[in-house]
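Student: I should like to go through this structure by asking how each descriptive term is justified. May we begin with the loops?

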Amino acid sequence: MEKRKIVVTSALPYANGALHLGHLVEYLQTDFWVRYQKMMGNDCVYVCADDTHGTPIMIRARKEGITPEALINRSYRARVKEFQAFEVGFDLYGSTNCDENRALSEGIYLRLKEKGLISRRPVEQLYCETCGMFLPGRFVKGTCPKCGAADQYGDGCEVCNATYTAGELKEPYCAVCGGKPVMRQSEQLFFELEPFRDFLRAWIPAHTDAATAGKLLEWFNEPLRGWNISRDKPYFGFPIPGEPDKYFYVWLDAPVGYMATLERWAKARGETLEAWWQDPKTEIYHFIGKDIVRFHCLFWPALLENAGYRTPSQVFVHGFLQVNGEKMSKSKGTFISAATYLNFLPAQALRFYYACKLNGSVDDMDLNLQDFTQRVNSDLVGKITNLASRGAQMINKNCGGKLGQMDADSRALLGTFRKQLPEVLAAYERRDFCRVMVFVRAWADQANQLFDAKMPWKLVKEDVEATRAVLTGTLNLFRLMAIVLKPILPVYAGRVEALFGEAPYQFADAERDVEACTISAYDHLASRIDPKAIEAMIAASRENLKASAKTLSEKDVKKGIRQLATKPAEAVFPEPLAPEVSIDDFAKLDLRVATVVAAEPVDGSDKLLRLQLDIGEPRPRNVFAGIRKSYAPEALLGRQVVMVANLAPRKMRFGVSEGMVVAGTDADGSYCVMQPLAPMTPGARLH
């Protein structure tokens with residue numbers, strides 16, 4: 001079968017807000033699908049980026065007394081850390097505030113302008129004279145014109161759910177400074193959609209699901225309105241070429257960020273954007289929430305079509321997240337940030353539960369916290385992981401850690417499971433992850449029933465070899481489940497690979513038996529959820545997410561305006577890359593896995609630890625590492641780290657250092673040592 005060439009994106013998270021469990025519905029299901037494609041052997045690239053421009057970024061930076069660039073750089077570091085914690089495997093996570101995005105946005109705009117597709121017309125908007133800017137709907141508050149509720153935003157009422165324009169609010173006030181805005185007129189630039197009515201009417205049903213298409217086509221009952229692509233200064237974003245004091249509206253350069261990030265990824269590989277995006281063999285897929293379909297299925301395809309770029313192959317749309325059957329609520333503590341979740345619960349538990357609920361439709365998904373606890377504890381821990389725990393520990397304890405040949409019943413059951421693999425893979429392809437989980441849970445039930453029927457804990461007292469055969473069968477049944485679960489639980493599957501001493505799994509490995517070999521010691525795979533941790537998480541969310549209604553003084557506002565005026569947006573990529581090195585330079589590094597056999601603080605230094613590292617040589621290496629502020633010596637004992645083994649010895653006043661431990665630094669200066677995902681032989685070389 002020919003290898004597929006696939007580009008996948010998720011909607012760009014806005015740099016002004018924290019990542020929450022609702023956002024993760026999108027990123028996790030996208031990650032499941034991408035990992036599935038890669039395990040099928042396809043050439044699949046997953047790119048995403050921080051969405052960094054717009055008025056909210058500018059306002060928040062003013063409130064904090066920092067530049068917008070400092071704000072988005074901080075957001076970027078936090079976002080990358082959270083995505084890594086949730087095991088989301090982007091091929092590149094970038095930023096819309098980069099040179100590639102500026103160039104692409106300008107180029108697309110100029111092509112549209114050359115074709116006569118950019119029009120001008122005056123627009124009346126509320127203007128805050130204190131802040132010196134036009135106010136977007138979310139920065140105006142007032143009394144709802146429909147139900148009379150006070151303190152409602154300028155784009156919709158949270159009490160009666162009515163929608164309206166900011167100009168319709170009664171008694172409006174600026175949500176930034178509290179002042180009373182006035183109506184002003186400003187000329188804006190529009191990308192006209194009506195000329196592409198026929199193109200879009202045909203494109204939408206061919207590239208979206210039926211429910212989404214039906215909703216979008218309702219817009220065609222009247223003329224399609226043009227899209228305002230400009231904003232007046234002060235604004236954090238890219239200036240529009242040839243238009244003094246005007247900037248691209250964030251919703252123009254945000255989707256272009258998909259292409260910009262792909263271009264950055266391609267350039268790092270010596271390739272081009274065109275070789276991927278413009279290749280007719282490339283499949284391009286967007287995963288988005290149903291709240292942004294208008295931008296992705298009306299404006300975006302029309303923009304691409306007229307700028308000479310390919311449109312997406314398909315736009316996959318999903319619903320919202322509810323918690324306990326209701327909209328996420330700050331007052332109830334169910335508006336849970338990613339960071340708060342990670343303080344109390346393991347990431348893989350959420351990945352497992354979301355997979356049990358996601359079916360590729362636009363329906364809303366419910367995170368029922370009681371069901372979440374039960375499914376993780378019963379299915380992931382009690383059924384699936386229990387097979388590995390009992391099987392591996394018994395074979396290590398009673399059979400010398402060596403697998404034999406499977407017993408006949410296990411082999412027959414394994415054959416039954418394998419016959420169902422095509423259905424499992426088809427479910428992955430159509431994003432019906434809950435169907436995948438139905439198969440895995442059913443397999444776990446049957447495997448546990450067979451295990452209990454064989455009673456190896458009794459059999460071992462009578463016949464060790466018969467016990468070895470049963471346990472070999474149990475572990476092969478579990479291994480198949482781990483392979484199927486790998487797109488959903490990649491770190492979990494990595495530990496299973498280490499248990500069996502195997503290379504990273506592909507789906508083709510599901511057809512192979514593992515027999516007559518030695519396995520490693522069992523490593524912990526999954527933990528039960530304590531209901532008290534759920535309660536603590538909700539309490540913390542309720543406390544952490546109390547709304548802040550602070551407004552700025554006139555002095556603060558004017559200071560912020562001056563700051564923005566004197567320091568306009570620069571195209572910078574967070575965490576700039578170091579100077580390029582050749583592959584030959586990199587190949588000179590001999591990176592080895594090392595086990596820490598001794599660790600102690602160094603007298604006379606508040607930064608250094610003295611480590612004794614076993615890399616399979618006759619004696620341990622003596623290495624000084626400046627990680628004392630981040631690690632207690634006892635926390636490193638027995639841990640495996642990565643070291644540069646061929647670094648020339650360095651004489652220090654404390655002794656000779658015979659290598660270097662590889663570590664990364666966070667924004668606060670703390671260190672995180674690199675370590676293998678699963679245990680490896682000391683001295684193993686990393687390639």
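Tutor: In this predicted model, E87 is found in the loop between α3 (68-85) and β3 (92-95). E87 has a positive phi of about 65°, although the residue is not a glycine.

Student: Why is E87 called buried?

Tutor: The relative accessible area of E87 is 13%. Buried means under 20%, so E87 with its 13% qualifies.

Student: What is known of D245, and why is D245 called partly exposed?

Tutor: D245 is found in the loop between β11 and β12, and its phi is near 65°, a positive value in a residue other than glycine. The relative accessibility of D245 is 45%. Partly exposed covers the range between under 20% and over 50%, so D245 at 45% is partly exposed.

Student: Which peptide bond is cis, and what makes it so described?

Tutor: The bond joining K233 and P234 is cis, with omega about -5°. P234 lies in the loop between β11 (230-232) and β12 (246-248).

Student: Where does E69 lie, and how do you know that E69 is buried?

Tutor: E69 lies in helix α3. Its relative accessible area is 7%; the limit for buried is under 20%, and therefore E69 is counted as buried. The C-alpha atoms of E69 and V80 are separated by 16 Å, and the two residues are 11 residues apart along the chain.

Student: Which residues of helix α2 are buried, and what follows the helix?

Tutor: In α2 (residues 55-64), the buried residues are T55, I57, M58, I59, A61 and R62. G65 follows α2, and its phi is positive, near 70°.

Student: Why is D291 called exposed?

Tutor: D291 has a relative accessible area of 53%. Exposed requires over 50%, so D291 meets the criterion. D291 lies in the loop between β13 (282-289) and α9 (293-307). From D291 to H318 the C-alpha distance is 9.2 Å, with their positions 27 residues apart in sequence.

Student: What makes R639 partly exposed, and which residues does R639 touch?

Tutor: R639 has a relative accessible area of 25%. Because buried means under 20% and exposed over 50%, R639 at 25% is partly exposed. R639 is found in the loop between α22 (633-636) and β21 (640-644). Not counting residues up to four places away in sequence, R639 touches A594, T595, V596, Y631, V673 and Q675. R639 and G41 are 598 residues apart in sequence and 33 Å apart in space, C-alpha to C-alpha.

Student: Why is E502 called buried, and with which residues is E502 in contact?

Tutor: The value for E502 is a relative accessible area of 16%; the cut-off is under 20%, so E502 is buried. E502 lies in the loop between α18 (490-500) and α19 (531-544). Leaving aside neighbours within four places in sequence, its contacts are R479, E497, R512 and V514. The C-alpha atoms of E502 and N228 are separated by 55 Å, and these residues are 274 residues apart along the chain.

Student: What makes a group of residues a nonpolar core, and which members of the largest one touch the most others?

Tutor: The members must be buried nonpolar residues joined through side-chain atoms within 4.5 Å. The largest nonpolar core has 166 residues, of which F191, Y341, Y354, F372 and M481 touch the most other members. Beyond its neighbours within four places in sequence, F372 is in contact with Y341, L345, A349, L350, Y353, L367, I529 and I534. Another core, of 25 residues, lies apart from this one; M133, F139, C157 and F236 are among its residues. In soluble globular proteins, nonpolar side chains tend to be buried together.

Student: How many helices and strands has the chain, and why is the chain called as compact as a globular protein of its length?

Tutor: The chain has 22 helices and 26 strands. Its radius of gyration is 28 Å, and the globule rule gives 26 Å for 687 residues; the two values are close, so the chain is as compact as a globular protein of that length. The C-alpha trace spans about 90 × 65 × 50 Å along its principal axes. Buried residues make up 53% of the 687 residues.

Note on methods:
Residues numbered from 1 in each chain as written. Predicted model: local features only at pLDDT ≥ 70, side-chain atom pairs only at ≥ 80, totals over all residues. Heavy atoms only, no water. Helix = DSSP H or I, 4+ residues; strand = E, 2+ residues; numbered from the N terminus. Rg over C-alpha atoms; globule rule 2.2 N^0.38 Å. Buried < 20%, exposed > 50% of the residue type's maximum accessible area, 1.4 Å probe, protein only. Contact = heavy atoms within 4.5 Å.
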